[in-house]
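Please look over the structure shown here before reading on. The report that follows is meant for a reader meeting it for the first time.

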Amino acid sequence: MGILNVTPDSFSDGGRHGTADGAIAAGLRMFEAGAAIVDVGGESTRPGAPEVSLEEELQRTIPVVEGLARAGVPVSIDTMKAGVMRAALAAGAGMLNDVSALQAEAESLAVAAGSKAQVVLMHMPGNPRTMQGLAAYDDVVGEVRAALAARIAVCEAAGLARGRLIADPGIGFGKGVGHNLALLRGLEAFHALGVPLLLGASRKSVIPAVAGAAPVTDRLPGSLAIALRGAEAGVAWLRVHDVAETLQALKLWEAMRG
């Protein structure tokens with residue numbers, strides 16, 4: 001999954017894609033490099049990020065979703081807003097990626113259930129403005145898994161078939177460094193949820209926290225290490241900024257496994 005943020009303030013690529021045409025071109029490059037899907041986001045979810053209005057998020061994302069879908073690129077929409085989900089689905093998106101696990105808005109669950117899209121449910125305590133103050137766990141792997149299991153049950157009760165659901169433990173979302181490392185070590189435990197897993201840790205702060213100070217643009221080695229850990233654990237989706245580099249690493253990893 002290639003990350004395509006059309007925001008001015010995302011932690012890694014904010015402001016890089018200032019126009020719809022530029023963002024579409026970037027998404028096409030990701031697809032041509034081997035991304036199975038391009039994840040378009042119009043609201044930063046970095047810690048403390050301000051909210052974006054529905055109208056602004058629609059203006060940022062929908063032309064990009066339309067352009068990519070028209071070009072034959074599979075598209076995911078990264079949003080917590082039911083209105084953006086609805087518009088993106090109409091524009092050709094085939095996946096909904098909601099960091100709130102369809103909890104931020106009351107309508108989101110019904111929108112997802114009424115669609116045919118795959119749905120990514122991510123674990124995050126609170127919201128991007130409050131999550132880091134809620135990073136308290138006795139057993140982070142068990143507690144995150146239980147929370148995701150509860151959301152899967154809610155979704156199934158609302159008519160979302162388990163076969164359409166994907167679970168994401170939410171690396172960096174309401175977790176400290178130790179929590180993130182524990183989740184990465186314990187990824188295999190999440191297979192008990194009975195749905196495919198998505199791992200999104202590309203360029204995140206756990207990398208310099210462990211390996212030493214590095215600006216966001218210099219975190220490719222750490223991102224690749226985490227991606228290979230995800231592959232080892234049987235994760236179905238890797239959400240990454242660096243598509244070609246990640247695929248190269250994965251091909252070598254697969255070849256060495258025999």
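The sections below take up a strand, its salt bridges and the nonpolar cores.

## The model and strand β3

This is a predicted model, and strand β3, which spans residues 75-78, makes a useful starting point. In a regular strand the side chains alternate between the two faces of the sheet. In β3, Val 75 and Ile 77 point one way while Ser 76 and Asp 78 point the other way, and all of them are buried.

Strand β3 pairs with β2 (residues 38-41) in the parallel sense over 4 bridges, and in this pairing Asp 39 stands opposite Ser 76 of β3. Strand β4 (residues 95-98) also runs parallel to β3, to which it is joined by 3 bridges, and here Ile 77 stands opposite Leu 96 in β4. Helices connect these strands in sequence: β2, α2 and β3 make a right-handed β-α-β unit, and β3, α3 and β4 likewise make a right-handed β-α-β unit.

## Salt bridges around β3

Side chains of opposite charge can pair when their charged atoms come close, and the structure holds 11 salt bridges. One of them joins Asp 78 to Arg 239, whose closest N and O atoms are 3.1 Å apart. Because Asp 78 lies in strand β3 and Arg 239 in the loop between β8 (237-238) and α9 (243-257), this pair ties together parts that are 161 residues apart in sequence. Both partners are buried, Asp 78 with a relative accessible area of 8% and Arg 239 with one of 15%. The pair also belongs to a network of salt bridges that links Asp 39, Asp 78 and Arg 239.

Another salt bridge brings together the side chains of Lys 81 and Glu 57, at 2.8 Å from N to O. This pair links distant parts of the chain, 24 residues apart, with Lys 81 in the loop between β3 and α3 (82-91) and Glu 57 in helix α2 (residues 54-70). Lys 81 is buried at a relative accessible area of 9%, and Glu 57 is buried as well, with a value of 0%.

## A salt bridge within one helix

Where do Arg 229 and Glu 232 lie, given that their side chains meet in a salt bridge of 2.7 Å, N to O? Both belong to helix α8 (residues 220-232), and because they are 3 residues apart there, about one helical turn separates them. Arg 229 counts as buried, at 18% relative accessibility, whereas Glu 232 counts as exposed, at 52%.

## The nonpolar cores

The largest nonpolar core has 64 residues, of which Val 40, Leu 68 and Leu 102 touch the most other members. Helix α5 (residues 140-157) contributes the largest share of this core, with 6 residues.

Leu 102 can be followed further through its contacts, leaving aside its neighbours within four places in sequence. Its partners include Met 85, Leu 109, Val 119, Leu 121 and Leu 160, and also Ser 108 and Arg 151. A second, separate core of 7 residues includes Ile 37, Met 95, Val 120 and Trp 237.

Conventions
Residues numbered from 1 in each chain as written. Predicted model: local features only at pLDDT ≥ 70, side-chain atom pairs only at ≥ 80, totals over all residues. Heavy atoms only, no water. Salt bridge = Lys/Arg side-chain N within 4 Å of Asp/Glu carboxyl O. Helix = DSSP H or I, 4+ residues; strand = E, 2+ residues; numbered from the N terminus. Buried < 20%, exposed > 50% of the residue type's maximum accessible area, 1.4 Å probe, protein only. Pairing = 2+ DSSP bridges. Right-handed = clockwise from strand over helix to strand, strands pointing away. Core = buried A, V, L, I, M, F, W, Y, C linked by side-chain atoms within 4.5 Å. Contact = heavy atoms within 4.5 Å.
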